[in-house]
Amino acid sequence: MARKPQKVASPRGEGMSSNRTGIDFQTPPPRRIRGPIIDAHTHVGNPQMAKLFVEVARTYNIDKVVAISTVEDAEALRKRFGSFFEFFYRPPFDGKDKPRTFKKMTLERIDEAVEKDFKALKFWFKPQFNYDQKMYFDDRRMYPIFERAGEHGIPCLTHIADPDVWFERVYTSRRKFLTKRGNYKQFRNAFRDFPEVTFIGAHMAGDPEDLDHLQELFDDHPNLMVDCSATKWVVREISRQAEESREFFIRNADRIMFGTDLVTFPGITDFGRYASRYWVHQIMWETDRRCESPIDDPDAAGVPKLHGLDLPDDVLEKLNWRNAIRVFKLKKPRVRTALPKG
Ligand SMILES: [Zn+2]
């Protein structure tokens, strides 16, 4: 009998991995194609917190990681791990109620981050943020930020909306949180008003449930890219409509980047905690396997399922690295780990 979802958790899956499936995460399956892999969406703290994560990423043939980090952590991570990491800068919003100072301070901070070779900006405009902060993505206070991003030629990664199921169980007040579709107006306005800025919609632009809607967004806004991060959420919804998803990934191969949304936490010693995400993504994009997903998913009805898309080689290449080097203006990373022959 299908298990009813117990509670709503973070879409990135911060719960511990129980390894109910008994998969040996220490030994990744062989990669299907050669070439680098860039994880275009992670959250990484200081080098101590990053150590195990880097070990796992390298084990899974990840050659570069784009991380949301503070300026201080970024400096320390560069010292310790060289060019393995590139960085997103996430501007703070605490001073936003004094618009003139906010503008001046935020633009200065962005300039400084770009000077320190940060490659992109990160924003988090979930319904709860909109409601708590009374601020939407198309707020006039955001426009100087987008303008500056355009001048620097850096993309803006944004968390948009949340899973459908959250709108049924968490964001139940339409007055406070709008409908899910209603959330997209703020993003569309910004995409339209800043055609020179590349916007990246995190987690399949927040709507892996509705590929027709995503296609509309892509068709209406040529400056929109997405990443396939938030492993649980994306795998749940993409697996549910695997055939349509495969077509969607092929049709929009130039617009989708690989990413995990992995977050480093202090004190994590469980290799499988990070590795299970990389394992799931690899099976998901590279194979046609149908199996139980090893990542617990309280939002799924019953056992979480994975249905691989077995993407064509050229689509995989774009997903793995070609799109990321174009969007973040990176050099093609050196492939660190030789793949097994055959
Ligand atoms: Zn994230």
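How many of the residues of strand β5 (residues 156-160) are buried? In this predicted model, the strand is mostly covered, with 5 of its 5 residues buried. The legends below begin with the whole chain and then turn to separate close-up views, β5 among them.

**Figure 1. The whole chain, a predicted model with 14 helices and 11 strands.** The radius of gyration of the chain is 19 Å, close to the 20 Å that the globule rule gives for 342 residues, so the chain is as compact as a globular protein of that length. Taken along the principal axes, the box filled by the C-alpha atoms is roughly 60 × 50 × 40 Å. Of the 342 residues in the chain, 45% are buried, and when contacts between residues at least 6 apart in sequence are considered, 79% of them join residues at least 24 apart. The mean pLDDT of the chain is 92, and 93% of the residues reach 70 or more. Over residues 1-17, however, pLDDT stays under 50, and for this stretch the model has 39 contacts beyond four places in sequence. Where pLDDT is low, the predicted coordinates should not be read in detail.

**Figure 2. Strand β5 between its two parallel partners, β4 and β6.** On one side of the pairing, strand β4 (residues 120-125) and β5 run in the parallel sense and are joined over 5 bridges, and the bridge partner of K122 in β5 is L157. Strand β6 (residues 199-201) is also parallel to β5, to which 3 bridges join it, and here L157 stands opposite I200. In a regular strand the side chains alternate between the two faces of the sheet. In β5, C156, T158 and I160 point one way, while L157 and H159 point the other way, and all of these residues are buried.

**Figure 3. The largest nonpolar core, made of 87 residues.** The residues with the most contacts inside this core are F88, L121 and C156. Helix α13 (residues 271-286) gives the most to the core, with 8 residues. Once neighbours within four places in sequence are left aside, F88 is in contact with V66, A67, I68, F118, A120, L121, K122 and L157. A second core, separate from this one, has 5 residues, including F167, Y171, F177 and L178.

**Figure 4. F118 in the loop between α3 (99-115) and β4.** Why does F118 count as buried? F118 is buried because 22 other C-beta atoms lie within 10 Å, and the cut-off for a buried residue is 20 or more. Not counting residues up to four places away in sequence, F118 touches F87, F88, Y89 and A113. Although F118 and I68 are 50 residues apart along the chain, their C-alpha atoms are separated by 9.6 Å.

**Figure 5. Strand β1 (38-43) and the strands that pair with it.** Strand β1 is mostly covered, with 5 of its 6 residues buried. To strand β2 (residues 64-68) β1 is joined by 4 bridges, the two strands running parallel, and the bridge partner of I38 in β2 is K64. From β1 the chain passes through helix α1 (residues 47-59) to reach β2, making a β-α-β crossover that is right-handed. Strand β9 (residues 262-263) is parallel to β1 as well, joined by 2 bridges, and in this pairing H43 stands opposite V263.

**Figure 6. P36, in the segment before β1.** P36 counts as buried because it has 20 C-beta neighbours inside 10 Å. Apart from residues up to four places away in sequence, P36 touches D63, K64, N320, W321, K332, P333 and V335. One of these, P333, is 297 residues from P36 in sequence, yet the two are 6.3 Å apart in space, C-alpha to C-alpha.

**Figure 7. Helix α11 (residues 231-240), mostly covered by other parts of the chain.** Of the 10 residues in α11, 9 are buried, namely T231, K232, W233, V234, V235, R236, E237, I238 and S239. The elements that cover the buried residues of α11 include α9 (202-205), α12 (242-251), α13 and β11 (305-307). Helix α13 is also the helix that gives the most to the largest nonpolar core, with 8 residues.

Note on methods
Residues numbered from 1 in each chain as written. Predicted model: local features only at pLDDT ≥ 70, side-chain atom pairs only at ≥ 80, totals over all residues. Core = buried A, V, L, I, M, F, W, Y, C linked by C-beta atoms within 7 Å. Buried ≥ 20, exposed ≤ 12 C-beta atoms within 10 Å, placed from the backbone. Contact = placed C-beta atoms within 7 Å. Rg over C-alpha atoms; globule rule 2.2 N^0.38 Å. Pairing = 2+ DSSP bridges. Right-handed = clockwise from strand over helix to strand, strands pointing away. pLDDT = per-residue confidence, 0-100.
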